[in-house]
Amino acid sequence: MLSKALLRLGASAARHPWRVIAAWLIAATLAVLAAVAFGGRTADSMTAPGLDSRGAAELIERAGTGQEGMTAQVVVTPLDGGATFFDDGARTALTRLRAEVQRLPHVLGTSDPAGALDAGGDTAVRGGLVSADGRIAVVRVQYPDQSRLSAEDLDALVGLGDRLRAELPLRIEMGGNLFYAFSDPDGGVSELIGLLAAAAILFLAFGSLVAAALPIGMAVFGLTVGVATMTVLAGVTDVPTFAPVLGSMVGLGVGIDYALFVLARHREYLARGLDPREAAGRAVATAGRPVVFAGGTVVVSILGLAVANVPFMTVGGIAVSIVVLTMVVASVTLLPAFLGAAGPRLSRAGRIGRALQTRKLGRLARRRDPAAGAAHAAGWRRWIGHVGRHPVPYAVGAAGLLLTATLPVLGLRVGLPDDGSLPQSRTERRAYDLVAEGFGPGTNGPLVIAADPAGDPGVVDRLVTTVAADPGIASVAPTRIDRATGIATLVVFPTTSPQDKATADTIARLRADVLPTAIGHGPARAHVGGAAASLSDVGRRTSERLPLFVAAVLALSFLLLMLVFRSAVVPLKAVLLNLLSIGAAYGIMVAVFQWGWGGALIGLEATVPIVSFIPMFLFAILFGLSMDYEVFLLSRVREEYLRTGDNGTAIVEGVAGTARVITSAALIMVAVFLSFAVAEDPSTKMFGLGLATAIFIDATVVRMVLVPATMTLLGRANWWLPGWLDRVLPRDPVGTDDTDAESSGEDPRPRLVDR
């Protein structure tokens with residue numbers, strides 16, 4: 001049985017703590033060394049098989065024009081407000097800047113706005129190199145594929161810009177996907193803030209520095225191994241750039257939470273007078289089982305992203321799952337070793353904790369100290385009892401509140417937040433604004449049309465004519481044709497910005513009407529690519545697959561919870577309540593990011609659409625994390641129900657017994673996730689705010705109001721299970737203290753079964 005295996009594992013780790021800690025130190029060292037030796041950099045491949053943008057990328061790669069590699073752009077304007085690049089002085093400075101950029105390592109080529117002006121001003125303007133008024137110029141820089149580059153290439157470009165700003169009479173700003181690929185991720189500072197906040201909450205919860213340090217130490221170990229393993233995975237396949245940040249965010253949250261639940265049960269056993277090693281074994285045997293099942297639910301939900309058939313999402317899900325699994329293993333091996341090494345010191349508060357408990361300012365710490373937990377639990381018993389006496393108004397009111405918060409989802413719009421969403425302190429944002437000012441907003445998100453004429457010499461001319469005539473296209477750059485393959489690439493600039501819905505409409509119109517009209521019925525073919533088109537395609541693919549994905553995750557989670565609790569009603573209720581909390585989180589995201597409500601509080605300077613892949617990714621993670629609290633809370637409720645046979649008593653005692661720990665765990669997760677919500681990148685903000693909002697709602701409105709209200713209304717039906725399922729399902733109920741049940745002869749089975 002799982003409980004017996006965990007009991008032996010936890011007790012063994014507690015008896016030989018230094019062996020286990022040494023093994024984890026070796027594992028962490030080997031993981032880091034492997035990451036250094038075999039690891040790779042994260043890379044974004046925002047496309048998927050069968051998409052039109054993928055077809056464009058394949059044609060461009062066949063042509064070997066270099067446009068499939070990384071790019072950067074240097075945007076300049078004269079410091080003298082009256083000067084333009086039509087003047088010789090400004091043009092000379094522009095020529096020198098372009099020559100300096102051309103000499104940088106790994107640069108394949110650059111556009112030449114000054115040369116285009118010399119050849120004819122109309123050429124430079126039409127190619128999007130110099131604005132019509134001559135005040136803004138763009139030097140486009142072409143690099144090879146990301147695998148041949150490193151952060152040193154970005155540093156070289158930025159360093160050149162810093163030097164030339166002091167030497168040339170030009171304002172110089174920079175942007176492009178070279179910055180996106182190699183800029184420092186947002187995670188470092190956010191992780192530190194999250195750890196500090198978690199440490200403060202743990203200290204208030206336990207009043208002991210030792211008790212607060214153990215979950216943090218375990219999470220740091222697990223995060224080191226998990227992220228290093230993710231880096232090794234990046235050496236084998238393309239791991240998306242958001243995966244390490246998201247993995248750190250989720251890993252810290254679940255790791256500290258899992259440790260907190262095991263630690264809280266361990267201290268309960270210490271309070272009963274058990275030996276620390278035996279207490280650690282029993283804590284892993286009881287609280288460790290919900291950890292294993294909750295972690296399994298998170299992993300199942302995240303791996304369900306494979307249903308979308310978008311490779312970068314699948315790989316990203318695998319990478320995050322590695323971190324979660326590492327945290328689960330650490331919770332049942334490394335943590336009991338820490339508990340065994342700490343010994344009886346965990347059963348009492350430290351001097352600082354006791355000092356807090358003697359002061360009025362220490363009331364919160366006193367209430368949260370397990371040694372004085374009876375009064376705290378009594379408060380929760382009164383609250384749950386109050387909800388149980390008025391279940392209908394509380395159930396209706398809480399559900400109505402969450403449904404109201406979900407309403408903004410009806411206006412959900414997926415898209416591509418671009419550099420225009422970054423703060424003004426970033427050079428990418430300033431470059432974006434200059435380009436939009438000089439050339440129009442669509443120049444920041446060019447589309448690349450790749451065409452294979454297949455022997456029809458008139459196809460390219462017809463493409464240029466028909467595309468340029470489309471009302472959504474502002475201009476078409478000069479066509480490039482590869483002599484060996486005959487493949488033509490057209491860079492076209494929409495009239496609207498990359499994140500504008502009208503841009504997606506233009507892409508759809510080009511594919512449905514414009515390109516077929518130009519190509520005719522011959523063998524020629526053409527595809528629309530570029531970053532904006534790729535993200536639009538991924539957004540459409542994920543929207544189409546979202547219902548199937550949701551159904552798959554719900555079905556798997558239902559089956560897992562039915563196995564855990566041996567009930568058909570509890571899993572169904574859990575699925576519905578979790579959908580409510582996730583829907584409310586989505587609605588709040590729409591209100592903040594699309595409508596701008598409270599956006600300034602997290603440093604959002606402009607409204608943006610929701611990143612196309614985030615709704616599906618968030619659903620996977622949030623559904624799994626929501627199940628964590630469901631498993632932990634209902635495990636205790638079920639334990640009390642099996643002990644007393646009374647549904648009302650089980651609800652009150654189960655919720656009251658876990659409320660303090662769930663509240664502390666939720667505060668930790670919210671603090672960790674909110675620390676990422678203030679990052680500069682809009683995608684990181686969305687992940688952080690969405691996760692923090694959902695966890696807060698789930699741990700308050702859902703767990704402390706809706707769960708006791710609905711369980712009270714359902715009564716003994718909560719534990720109903722068809723007789724044939726009762727005979728089929730294995731008998732290892734999660735959350736029942738088998739170590740006690742076995743000694744007392746108690747039969748740990750549900751008591752309401754339809755025979």
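Student: Among contacts in the protein chain between residues at least 6 apart in sequence, what share join residues at least 24 apart?

Tutor: In this predicted model, the share is 81%. Here you are looking at contacts that join residues at least 24 apart along the chain.

Student: How many helices and strands should I look for?

Tutor: Look for 29 helices and 13 strands in the protein chain.

Student: And how many of the residues count as buried?

Tutor: The protein chain has 755 residues, and 58% of them count as buried. You can also look at the outside: the accessible surface is about 28800 Å², with 62% of that belonging to carbon and sulfur atoms.

Student: Which residues touch the most other members of the largest nonpolar core?

Tutor: That core holds 168 residues, and the ones to find are Leu246, Phe593, Phe613 and Leu691. Try selecting leucine 691. Setting aside neighbours within four places in sequence, leucine 691 is in contact with Leu246, Met249, Val250, Leu618, Ile621, Leu622, Leu625 and Phe673. Another core lies apart from this one; it has 34 residues, including Phe85, Val107, Val141 and Leu154.

Student: Now the sheets. In what order do the four strands of the open sheet come?

Tutor: The order is 2-3-1-4, and the pairing is antiparallel. An edge strand is one that pairs on one side only, and here the edges are strand 2 (109-110) and strand 4 (170-175).

Student: How many bridges join strand 1 to strand 3?

Tutor: Six bridges do, between strand 1 (residues 71-78) and strand 3 (residues 137-142), and these two run antiparallel. For one bridge to find on screen, take valine 75: its partner in strand 3 is valine 138.

Student: Which helix lies across strand 1 and strand 4?

Tutor: That is helix 7, residues 151-167. Helix 7 runs at about 170 degrees to strand 4.

Student: How do I read a single residue, say aspartate 452? Is aspartate 452 buried or exposed?

Tutor: Buried residues have under 20% relative accessible area. Aspartate 452 has 14% relative accessibility, so this residue counts as buried. You will find aspartate 452 in strand 6, which covers residues 447-452. Not counting residues up to four places away in sequence, aspartate 452 touches Leu59, Arg62, Ile487, Ala524 and Arg525.

Student: What about ring pairs? How many aromatic pairs are there?

Tutor: The count comes to 11 aromatic pairs. Let's take phenylalanine 242 and phenylalanine 312: their ring centres are 6.4 Å apart and their planes stand at 80 degrees, so the pair is edge-to-face. This pair links distant parts of the chain, since phenylalanine 242 is in helix 11 (residues 242-271) and phenylalanine 312 is in helix 14 (residues 311-332), 70 residues apart.

Student: Why does phenylalanine 242 count as buried?

Tutor: Phenylalanine 242 counts as buried because its relative accessibility is 9%. Phenylalanine 312, at 3%, counts as buried too.

Student: Which geometry do phenylalanine 549 and phenylalanine 619 have?

Tutor: They form an edge-to-face pair, 5.8 Å centre to centre with 75 degrees between the planes. This pair also links distant parts of the chain: phenylalanine 549 sits in helix 23 (residues 531-565) and phenylalanine 619 in helix 25 (residues 614-644), 70 residues apart. Phenylalanine 549 counts as buried at 0% relative accessibility, and phenylalanine 619 counts as buried at 5%.

Student: Which residues do ring pairs link into a cluster?

Tutor: The cluster is made of Phe242, Phe312, Phe613, Phe617 and Phe687. You have already met Phe613, one of the residues that touch the most other members of the largest nonpolar core.

How values were computed. Residues numbered from 1 in each chain as written. Predicted model: local features only at pLDDT ≥ 70, side-chain atom pairs only at ≥ 80, totals over all residues. Heavy atoms only, no water. Core = buried A, V, L, I, M, F, W, Y, C linked by side-chain atoms within 4.5 Å. Buried < 20%, exposed > 50% of the residue type's maximum accessible area, 1.4 Å probe, protein only. Contact = heavy atoms within 4.5 Å. Areas by Shrake-Rupley, 256 points an atom, 1.4 Å probe, with all protein chains shown as cover. Pairing = 2+ DSSP bridges. Axes fitted to C-alpha atoms, helices over the stretch in contact; angles between N-to-C directions. Phe/Tyr/Trp six-rings, centres within 6.5 Å; stacked < 30°, edge-to-face > 60°.
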